[in-house]
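Okay, thanks for coming, everyone. Let me put the model up and walk you through a few places in it.

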Amino acid sequence: MTFVSFVVESLLEGALLTPVEKIIFILLALVSAGFTIHGFKTIIDSIRKGRPAPELKNVPLSLVKAAVTVLFQQTIFKARKALSAIHMGLFFGLITYAFVNLIDVLEGLVPGFDLVYSGRHVPNAPTGLVNAYNLISDVMSGFLLVAITVFLVRRFIVKDKALEYRENVLLHPKVKAGGQAKDSLIVGVFVIMHVSAHLMSQAYRLTDGADPFMPIASFLNSIFGASQTGVHVAWWISLGWVMFIIPYLLRSKHTHFFMAPINLGLAKQNPRGQLDPAIPLKVIDGQKFEPGAKVITDLAWTRIMDAYACVQCNRCQDVCPANFYGRPLSPSALEVNKRYLLKEATFGSHPDRWLAPLTETVISPEAVWSCTTCYACVRVCPVGNEPMADIVDIRRRMLIDGFEIDSGVQNALQSLATNGNWMSKGKRLRGRWAKEMEFPVKNATEEAVEYLWFVGDTASFDERVIPNTKMVARIFNAAGLDFGILYQNESNAGNDVRRVGEEGLFEQLVEQNMQAFGKAQFQRIVTTDPHSFNTLKNEYPQFGGKFDVKHYTVVLLKLLEEGKLTVKNKLSHYKVTFHDPCYLGRYNGGFTAPRKLLELLGVEFHEMPRNCENSFCCGAGGGQIWMGKVAPGERPAENRIKEALSTFGEGANTKTQLFIVTCPKDMIMYSDAVKTTGNEGKIEVRDIIQLVAEAVGVEEGERVVDAL
Ligand code: SF4
Ligand code: SF4
C-alpha cells in the first residue's frame, strides 16, 4: 500500500475524530474557507477601485524576487535590528506552522496516522524525515511561544513608545480607541493557544515516554502524562482556532500576512526620484480623472493596496523629520487610517466612506503641508509602501480645490510663475554673479559647451550662497572644464514645485527649460543643486528630455582623478562630517563621490550615525523652505547639528570642526541651525567646494593657471 492510498482509504474510517466530528470539522473548514474567499474578494474589489498605476514591467519576475525578499526577510532589517531578528523567527515559525497544521489535520482524520516515535504506526514512513519534522515543529513551537510573548510584552507591558502616535496626529476613532492593540491581542492569544494546544496534543500522544526528537513535548509529557482524551481536546482547541482566525486575519490589521509579499512584488519600479503624473497616463474606457487625490479611490490601486500590506510597525514614523519636529504628520498613521477607512467602506458596509475626503479621514491638511518629501518613509518601509506619494497627490487636489496654503508657499509659487524663480528676482538677475567673475562665463545658448551648468535658484540669487557658486566656477575654470550657463534662459527646474503639488506650474517650468536646452549646445548637464539634479535626471525624461546629468561632486572627483586639479594642501587640520542631501543620496545613490573627495583632500573624516540611505533630512525639501510660518520645537537641521557635534565627541579639539554640505539649501539650513543652537565657534558649515578650493589652491578673485 502506498502512503497516498493509505491516507485516502483511511479517511473513510474512524480516526482520532469520530465520523460525526469529521463531518463537523469538514463543515467548519468549508465555512471558514467561504469567509476567507469572501474576505479576499472584498479586498481585491476595493483595490480595483483605485486609479490606474504606472505600468509595471516583468511582474512574474518581480513577484519571484519579492518572494525571495520576504523569505529572507531582507527588508525588515533596515531598522530595529533586534526586533527584526525576532520577527524573522516568528515568520519562519508561522510558515512552519502551515505545514504543522496540515499534519495535525491528517492526524485527526486518518486512523493510525501518528508521527510520534518516528511514525512507527505509519506504513513505510520515511523515518529520517519524520524525525526531522518532529524536531523542527517541536523546537519551532517553543520559539513561537517566546517570540509572540516578546511582542505582546512590548505592546502591552513595556508599552513601547515607537508604537504610539503624537497627540496632534489625525487618527481614525477606532485606532484612537485601541483597535490596533485589540487586533494584536486577539492574534497573539490565538498563536499562544494554538501552539500550546498543538504541543499538548503531541505530549499526550507519548504513551511510551519521551521521544528524543520532541524535547518540549516530552518535557510536557513528563508533567501531564499521556491521555487519549487530552489528545482529542488539545487537537480541537488547536485546529478549531485556525478555522476562526484565518477569515479574521483578512478583516484585521494582519492582512499584511497575505498582502505584504504581493505589495512588494508590485512596488514602484520607476526611479525613486520620479513622481507619478497627477493624472494617470493609462486611461481605461475613456475615464476622466481630475488631478491628485480627494477620496481614497483617487489613489492608484497599488497605493490602496499599501494600506492592506502595512504592518503598522511605525518604522516610517521613526524616520520622519516632520514627525520628529512635532508636526501632526505620521506616514504610518496615514496608512493605518486608510486601512480603517477601507474596512468601513467594505466589511463595515458603509459605502458612503468611499466618498469621505482624505483630508478629514486619513491625514490633516496641516500634516499634508508638513512633509519634506525626503523619501525616508518609503525607503524604510519593509513592504514597499509609498505614503509620501499619497501626500503629494493630496496636495495636488488641495491646490485645485482652493485649500488655504501657507503665504510663503503662495508667494514662492507666484514668483515662480512670473519670474521662473521662487526668490522674486527678475529673470535678468540670474546670471549677475557670472558677470562679476574675473573671467568670462560662457552663455551656453550662444556657444557650444561640453558641460551645461544648471545653476538653480538658491545658488544664483542667494547672497549667502553666491560666493560658493563663484568658487565652483573658478575651480571649473582652473581645471579647464568647458562649461557655460543659461543666464536668463534658465528657470527653476521644478523639483519642489512638483512636490508641493503644482503640477501645472511644474510642466510650465519644464517647458521653459526645455526651450532653453533646445537653444543650447551641450553634451551633459552639471548642477550643484541636488533638487534640480533629481528632477532633470529622473523627471524630465517623462517630457522627452533625456540628459546625462551630473552632480558637481562627481565632476570634481573626475577632475581630481584625471589630474586636471591637484591637491596641493592636504587638509588634515579639519575634522569633518558630511551630510547626505536627500535628493542626492537617498533618491539617487550619490554617496560615494563626496566621501571620496573628502578622502582625497586629506581631512579627518567622521561619519554621523545617520548616514547614506539613513541620512536625516534638513527639513527644507518639498517646499518647506518656502513656508512663512516656523513651527515651535527642535527643527530637523538643529537636531542634525547636535548629531554632528556628538559624532566629533567632547575631547579637547585642536582641529577646526566642519559640517560639510553639497547642496545650496543645506548651506542655508545648517548655517542657520548652528546659530539657533548656539554652536557658533564649535562647528562651521562649509560647502565641499570651499575645501576643494583650499586644497587645490584656488582663491577668490584669482585665476590660478598652475592648478591645471
Ligand atoms: S517623505 Fe519624509 S517628511 Fe514626508 S512623510 Fe515621508 S518621512 Fe515624513
Ligand atoms: S507604511 Fe511601512 S513602515 Fe510605515 S507602518 Fe506601514 S509597514 Fe511600517
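So, before anything else: what you see here is a predicted model. Let's begin with a corner of the surface. α8, which covers 179–205, and α10, which covers 228–249, each supply at least two residues of a nonpolar patch. The members of that patch are L185, V189, M193, V233 and I237, and together they have about 360 Å² of accessible area. Which helix gives the most to it? That would be α8, with 3 residues. Take V189, which lies in α8. V189 counts as partly exposed because its relative accessibility is 32%, and partly exposed is the band between under 20% for buried and over 50% for exposed.

Okay, zooming out for a moment. The protein has 708 residues, and 58% of them count as buried. On the secondary structure side, we have 31 helices and 9 strands. If you lay the C-alpha trace along its principal axes, the span is about 100 × 60 × 50 Å. The protein exposes about 29300 Å², and 60% of that is supplied by carbon and sulfur atoms. And here's one for the contact fans: take the contacts between residues at least 6 apart in sequence, and 81% of them join residues at least 24 apart.

Now to a strand, β6, residues 574–578. How many of its residues are buried? The count is 5 of 5, so to speak, a mostly covered strand by the definition of buried. Look at the side chains: Y574, V576 and F578 point one way, while K575 and T577 point the other way, and all are buried.

What does β6 pair with? One partner is β8, residues 656–661, which runs parallel to β6 and is joined to it by 5 bridges. Within that pairing, K575 stands opposite Q657 in β8. Another partner is β7, residues 604–605, also parallel, with 2 bridges to β6. There, V576 has F605 as its bridge partner.

Follow the chain from β6 to β7 and you pass through helix α28, residues 592–601; the three of them make a right-handed β-α-β unit. The buried residues of α28 are A593, P594, R595, L597, L598 and L601. What do they pack against? You'll find β6, β7 and β8 there, plus two helices, α27 (552–561) and α31 (688–696). Just after α28 comes G602, with a positive phi of about 85 degrees.

Next stop, N468, in helix α23, which spans residues 466–478. Is N468 buried or exposed? It counts as buried, because its relative accessibility is 7%, and the cut-off for buried is under 20%. Leaving out residues up to four places away in sequence, N468 touches M667, D687, I689 and Q690.

Last one: F151, which sits in helix α6, residues 127–157. Again skipping residues up to four places away in sequence, F151 touches L83, I86, H87 and L90. How far is F151 from K442? In sequence they are 291 residues apart, and in space, C-alpha to C-alpha, 63 Å.

That's the tour, so go ahead and spin the model around yourselves.

Notes
Residues numbered from 1 in each chain as written. Chains lettered and ligands numbered in written order. Predicted model: local features only at pLDDT ≥ 70, side-chain atom pairs only at ≥ 80, totals over all residues. Heavy atoms only, no water. Helix = DSSP H or I, 4+ residues; strand = E, 2+ residues; numbered from the N terminus. Contact = heavy atoms within 4.5 Å. Patch = residues over 30% accessible without salt bridge, like charges linked within 9 Å, V, L, I, M, F, W, Y side chains within 5 Å. Areas by Shrake-Rupley, 256 points an atom, 1.4 Å probe, with all protein chains shown as cover. Salt bridge = Lys/Arg side-chain N within 4 Å of Asp/Glu carboxyl O. Buried < 20%, exposed > 50% of the residue type's maximum accessible area, 1.4 Å probe, protein only. Pairing = 2+ DSSP bridges. Right-handed = clockwise from strand over helix to strand, strands pointing away.
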